[in-house]
Amino acid sequence: MDENKKLEKAKRLFIDTSFTPVEYDPQYILMVNNLKKYFPIKDGLFASTVGYVKAVDGITFNIKRGTTMGLVGESGCGKTTTGRTILRLSGEKTAGQVLFNGEEVYDKSPAEMRKLRTKMQIVFQDPFSSLSPRLPVGEIIGEAVKEHGIVTKREYNDYIDDIMDKCGLQPFHKYRYPHEFSGGQRQRICIARSLALNPEFVVCDEPVSALDVSIQAQIINLLKDLQDHFKLTYLFISHDLSVVEHISDVVGVMYLGNLVEYGKTEDIFKNPAHPYTKALFSAIPVPDPKAKMNRIILEGSIPSPANPPSGCKFHTRCPYATDRCKEEVPVQKEIETGHFVTCHLFDK
Amino acid sequence: MSNKEEKGYLSAKESRRISKENKKVTSVLEKKYRRKNESEEEYLTFMEDTNNAVEVRDLHTYFFTDMGIVKSVDGVSFDVPIGKTVGIVGESGCGKSVTSLSIMQLLQRPQGQIVSGEIRLNLGDKAYDIARINAAGAQKLRGKYMSMIFQEPMTSLNPVFRIGKQVDEVIALHNSEMTKEDVKKRTIELLELVGIANSEGVYKMFPHELSGGMRQRIMIAIALACSPKLIIADEPTTALDVTIQAQILDILRTLKDKINSSIMLITHDLGVIAEMADYVVVMYSGRIVEQGTAEEIFASPAHPYTIGLMESKPVVGKRVDKLYSIPGKVPNPVNMPNYCYFKDRCEMCVEKCDGDYPEFISLSPTHKVRCYRFYDQKEGK
């Protein structure tokens, strides 16, 4: 009944909710299939919906256990929304599937969801605004541990000390407040907070972009060490390509709500296929003044996701665009094993 | 209690005493800066080399806080040649922004004061010492002879005025003889120059209607409005995406050549520095630790801090298992040690490092470094 109502509403608003469901494959901890997340634009006297911002517009990928997937793209391309939608942090999805350990995240009841939250955690971008200024660090890290009853009361103190130690914090830091810490230390607190719940999967939403270069290296090393120690799976969202290359096993490149290219890190960085990926890589400044600059400079900026271009969304800035790109939406194709591209150039 | 003192906590009494002492110093400096009826001779000076747009000599900029004196810039000297780009690199809090704000005389007064040193600005036929100038004099220079592009284009444009008005303002202020129509014409010209296609339309828009890259273009247009001798770009691309960053850097490079001015580029991204800068200055805790041409710094970095910075940045195409990270953290800016500031974090220490802060050692005519590791080499040769 509920399902039917939803479908009817979607039809009324001209949203395509059709997709082919996927079967669960145990080697993947997370399977995302044709996930869509639209935000309504309200206007007029009665705030009726006049359109949609298509933040995430049908993306498909799988993450293996214990690996890291990097998600790159310009700001406004939907990277963060993807991360939040997977964790069910931004209301209902519009369409698609999110299978975490084979179970649909959006089918859980509130009580089940609460339990699941301990398994999937997030580290936010800005360590200056994501910590409560009124709580001492011990409380910040321990709040959820108490709430979910991860350890008994007797073990609680030792447990917090242990987590803080693993994240490079001293035991006496427990009684201090966030404002007494530097940016790097705060990011360590954020990481400790999410790891205290024993998660299996962590979304790292630009964890290092607000930090200095030398501190960045410390945090990246910490994330890698913790991954080995706790057998974690990361979804690493960043716009810094060099960081993503360093930490990820698999990379996805997003453009305007779509995954334009997706594959193993080596494949993507050595042999980028999609014109957007190529342009993105050529724009990275190389720390060598003698390096030759064969830069593909993209004209203009990213179009509005409320009114995306027809056909291939990249055709307005693409140097290889043809008439076909303006009309036909490309589909994801596998050009070599595990390397997927969404572009008409690779049609045989 | 003793534990607290060690960690830098101050009693209220002590803090009041410091505050009182600071007031004595700053009020004298402030009075000097606010003086009226000055004559030009007071700050007229000569350039050491007329090919330089700016010469900074032994600049000391201190912040008089209630915790004590913070020596944000502590004896910095460098040149910016005409038509060249000088890049200043360093971690946040190393004094790179304060150096640029000192040149612009935009310091947070009265706490922030230029205590000593010279900043010579070349105006073509004459030169001014900005460190000795007064408020009214600085106002005439700012915008016309030197201008600044700020880090965050989102917050540095005024949200209640139209773009056109904000650009017009700069032009009209420094060119009182121009009519309104001329000013508008010039503004539209500038907007086209920085690559805004719909310049007539953008002239009437408000800042919130533009994207980050467009706003940064407007900032550049404002900075270039009077064809200044010196453009200070304080992290101009940090808030932007890589693709937009490439566009903005391209604009900066071409426009600099077009109006033959110099750029002082402040950033912590070594990639941007390598691409843009002719000369590089590396700062650490308020002092220059290494300076030289871009080739020298990137091909043979000498100071352990420079080496550490370069190693800690992941580079596309070079995968390593573990990134190098500089151990420890920046020393407390109030109580600086009397030995090399980097010693506690340095992995290449030699015996001499316990001594005073090292002086500059020249490795080549342009390449200088402040590190004891090179003292022996020099004496041996």
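In the predicted model, chain B contains 14 helices and 13 strands. The C-alpha trace of this chain extends over about 70 × 55 × 45 Å along its principal axes. A compact globule of 381 residues would be expected to have a radius of gyration near 21 Å, and the value of 22 Å computed for chain B agrees with this. Of the 381 residues in chain B, 45% are buried. When contacts between residues at least 6 apart in sequence are considered, 66% of those in chain B link residues at least 24 apart.

Strand S4 of chain B, comprising residues 85-89, is largely enclosed by the rest of the structure, because five of its five residues are buried. Side chains in a regular strand alternate between the two faces of the sheet. In S4(B), Thr85(B), Gly87(B) and Val89(B) point one way, whereas Val86(B) and Ile88(B) point the other way, and all of these residues are buried. S4(B) pairs in the parallel sense with strand S9 (residues 262-266) of chain B over four bridges. Parallel pairing over four bridges also joins S4(B) to strand S10 (residues 279-284) of chain B. Gly87(B) takes part in both pairings: its bridge partner in S9(B) is Leu265(B), and its bridge partner in S10(B) is Val280(B).

A contrasting environment is found at Ile188(B), a residue of helix H7 (residues 180-193) of chain B. Ile188(B) has 17 C-beta neighbours inside 10 Å and is therefore classed as partly exposed, since burial requires 20 or more. Beyond residues up to four places away in sequence, Ile188(B) touches Ser199(B), Glu200(B) and Tyr203(B). Phe46(B) lies 142 residues from Ile188(B) along the chain, and the C-alpha atoms of the two are 37 Å apart.

In chain A, four strands form an open sheet with the order S2-S1-S4-S5 and antiparallel pairing. Strands S2 (48-64) and S5 (103-104) of chain A occupy the edges; each has a single partner strand, so one side of each lacks a neighbour in the sheet. Strand S1 (residues 28-43) of chain A is paired with S2(A) in the antiparallel sense through 13 bridges. One of these connects Tyr28(A) with its bridge partner in S2(A), Lys64(A).

Helix H6 of chain A (residues 183-195) has 13 residues, for which a rise of 1.5 Å a residue predicts a span of 18 Å; the end C-alpha atoms are 18 Å apart, in agreement with that expectation. H6(A) is largely enclosed by the rest of the structure, because 12 of its 13 residues are buried. Among the buried residues of H6(A) are Arg186(A), Arg188(A) and Arg193(A), together with Ile189(A), Ile191(A) and Leu195(A). The elements against which the buried residues of H6(A) pack are strands S6 (120-123) and S7 (201-205) and helices H4 (137-148), H5 (153-166) and H7 (213-230) of chain A.

The two chains meet through 30 residues of chain A and 38 residues of chain B. On the side of chain A that touches chain B, H7, helix H8 (241-247) and helix H10 (275-282) of chain A each supply at least two residues. H7(A) provides the largest share, with six residues. By class, this side of chain A consists of 16 nonpolar, nine polar and five charged residues. H7(A) thus belongs both to the contact side facing chain B and to the surroundings of the buried residues of H6(A).

Terms used
Residues numbered from 1 in each chain as written. Chains lettered and ligands numbered in written order. Predicted model: local features only at pLDDT ≥ 70, side-chain atom pairs only at ≥ 80, totals over all residues. Pairing = 2+ DSSP bridges. Contact = placed C-beta atoms within 7 Å. Expected span 1.5 Å × (residues − 1). Nonpolar A, V, L, I, M, F, W, Y, C, P; charged D, E, K, R; others polar. Rg over C-alpha atoms; globule rule 2.2 N^0.38 Å.
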